[in-house]
Amino acid sequence: MWSFRDWRRKRILARLAIEPALWQRALDSLPILDGLSQAETERLRERSLLFLHAKRLTALPGVELQLTDRLRLAAQAQLPLLHLADLDWYQGFHEIVIYPDDFHSPQKHRDSAGVVHEWDGEHSGEAWLQGPVILAWPGVRESGSWEGYNLVIHELAHKLDMLNGDANGLPPLHSSMRLEDWATAMQSAYDALNATLDADPEAHTEIDPYAAETPAEFFAVTSEYFFSAPDLLHRTYPKVYKQLQAFYRQDPFTRLQGLQKSHPDYAEPH
Ligand SMILES: [Zn+2]
């Protein structure tokens, strides 16, 4: 059946054609994409190009964005959506602003809607309800490997969380999922992490203690681990892993295990 949406999409993709070697270079620089099937990689390429077409990437002075950088960013933004229906999951924002460094002291940015955002403190990323996503360049550059850190996925997880209102750690679940299972898995892991830190604020925790700040941060941080240290998340909070697996409809833990089996020195298990 002919659809305007498909037709428009094909036209955009034809216009955006990029050198295969350039896309390959972006892929090769992102270990967290290793082990995806050819069909998945192709879908990721198309969706990354459409993402770059739909969102404005603004680099503030001090950041030079090459096309490969844009592709790397888009591919990481699209990885969490790879097995979700082709809906506009990143609706409600149009701009990603890249800061040259973590933001210190008062910061000001006028977004494309003319809204001026000001804030204090040191952050490497921000996602505003109905506003732009702000990323610090060093964090973007450090994202992409199996290190349990991914600023791009973290901030965009906040955007998924905000699809049904304020960020509260509950994104819109699929009808096949049970709210009760999600809430129980997330709450008990969040409570356990907070109990550990209440007992000893300096305690070593398996995941970044920042996850204990709010349920929204817990969802964003565990999403980060789900895609960049799935073995660690699976071992530490298996029920959280299972809920994220149901939500993202992916199993990066199995994908990573496959890579480690076929290449014994692939990546150190966490
Ligand atoms: Zn956050």
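This is a short talk on the zinc site, the helices around it and a few loop residues in a predicted model.

Let's begin with the metal. Which atoms hold the zinc ion? The ion is coordinated by NE2 of His154, NE2 of His158 and two OE donors of Glu217. The distances run from 2.1 to 2.6 Å. The geometry is irregular. Angles among the four donor atoms span 53 to 144°. A tetrahedral call would need all angles between 85 and 135 degrees, so this site does not qualify.

Now the spacing. Along the chain, the donors read H-x3-H-x58-E. His158 sits in helix H6, residues 151-161. Glu217 sits in helix H8, residues 215-228. The pair therefore ties together parts that are 59 residues apart in sequence.

Are these two ligands buried or exposed? His158 is buried, at 7% relative accessible area. Glu217 also counts as buried, at 13% relative accessibility. The cut-off for buried is under 20%, so each value falls below it.

Next, helix H6 itself. How many of its residues are buried? Eleven of its eleven. The list takes in the zinc ligands His154 and His158. It also takes in charged side chains: Glu155, Lys159 and Asp161 are among the buried residues. Then there are Leu151, Val152, Ile153, Leu156, Ala157 and Leu160.

What covers the buried residues of H6? The cover includes helices H4, H5, H8 and H10. It also includes strands S5 and S6. For orientation, S5 is 125-127, S6 is 133-136 and H5 is 137-142.

Stay with H8 for a moment. Two residues there deserve a look.

Take Val221 first. Val221 is in helix H8. It is buried, with 2% relative accessible area. Its C-alpha is 6.1 Å from that of His154, although the two are 67 residues apart along the chain. The two residues are also in contact. Beyond its sequence neighbours within four places, Val221 further contacts Ile207, Asp208, Tyr210 and Ala211. So here a residue of H8 touches a histidine that coordinates the zinc ion.

Now Thr222, also in H8. What is its relative accessible area? It is 0%, so Thr222 is buried. Outside the four places on either side in sequence, Thr222 contacts Ile207, Leu233, Val240 and Leu244. Ile207 appears among the contacts of Val221 as well.

On to the loops. Pro80 lies between helix H4, residues 67-78, and strand S2, residues 95-99. It is in a loop, yet it counts as buried, at 3% relative accessibility. What does Pro80 touch? Setting aside residues up to four places away, the partners are Tyr90, Ile153, Phe227, Tyr248 and Gln250. Ile153 is one of the buried residues of H6. Look at Phe227 too. Its C-alpha is 7.8 Å from that of Pro80, with the two positions 147 residues apart along the chain counted as their separation.

Asp88 is in that loop between H4 and S2 as well. It counts as partly exposed, at 48% relative accessibility. Asp88 and Asp181 are 93 residues apart in sequence. In space, their C-alpha atoms are 26 Å apart.

One backbone point. Arg249 is not a glycine, but its phi is positive, about 55°. Where is Arg249? It is in the loop between helix H10, 238-248, and helix H11, 252-262. Arg249 is partly exposed, at 41% relative accessible area.

Last, the N-terminal helices. Two packed helices are described by the angle between their axes and the distance between the axes. For H1, residues 4-15, and H3, residues 38-54, the axes come within 10 Å. They cross at roughly 90°. H1 and H3 are therefore roughly perpendicular to each other. Which residues make the contact? From H1, they are Arg9, Ile12, Leu13 and Arg15. From H3, they are Glu46, Leu49, Leu50 and His53. By class, that gives four nonpolar, one polar and three charged residues.

H3 has another set of contacts to show. Leu52 is in H3. Leaving out residues up to four places away, Leu52 touches Leu57, Arg70, Leu71 and Ala74. The C-alpha atoms of Leu52 and Ala75 are 9.7 Å apart, at a separation of 23 residues along the chain.

That is the tour. Questions are welcome.

Terms used
Residues are numbered from 1 along each chain as its sequence is written. This is a predicted model: local features need pLDDT of at least 70, side-chain atom pairs count only at pLDDT 80 or more; totals for chains, interfaces and linings use all residues. Side-chain values use heavy atoms; hydrogens and water are left out. Axes are lines fitted to C-alpha atoms, for helices over the stretch in contact, and angles run from 0 to 180 degrees between N-to-C directions. Helices (H or I, at least four residues) and strands (E, at least two) are DSSP runs, numbered from the N terminus. Angles under 35 degrees count as roughly parallel, over 145 as roughly antiparallel, 65 to 115 as roughly perpendicular and the rest as oblique. Contact means heavy atoms within 4.5 Å. Ala, Val, Leu, Ile, Met, Phe, Trp, Tyr, Cys and Pro count as nonpolar, Asp, Glu, Lys and Arg as charged, and the others, Gly among them, as polar. Donors are N, O and S atoms within 2.8 Å of the metal (3.2 Å for Na, K and Ca); water is not among the atoms, so sites may look incomplete. Four donors count as tetrahedral if all angles lie between 85 and 135 degrees; four count as square planar and six as octahedral if opposite donors are over 155 degrees apart and all others between 65 and 115; anything else is irregular. Buried means under 20% relative accessible area, exposed over 50%, partly exposed in between (1.4 Å probe, protein chains only).
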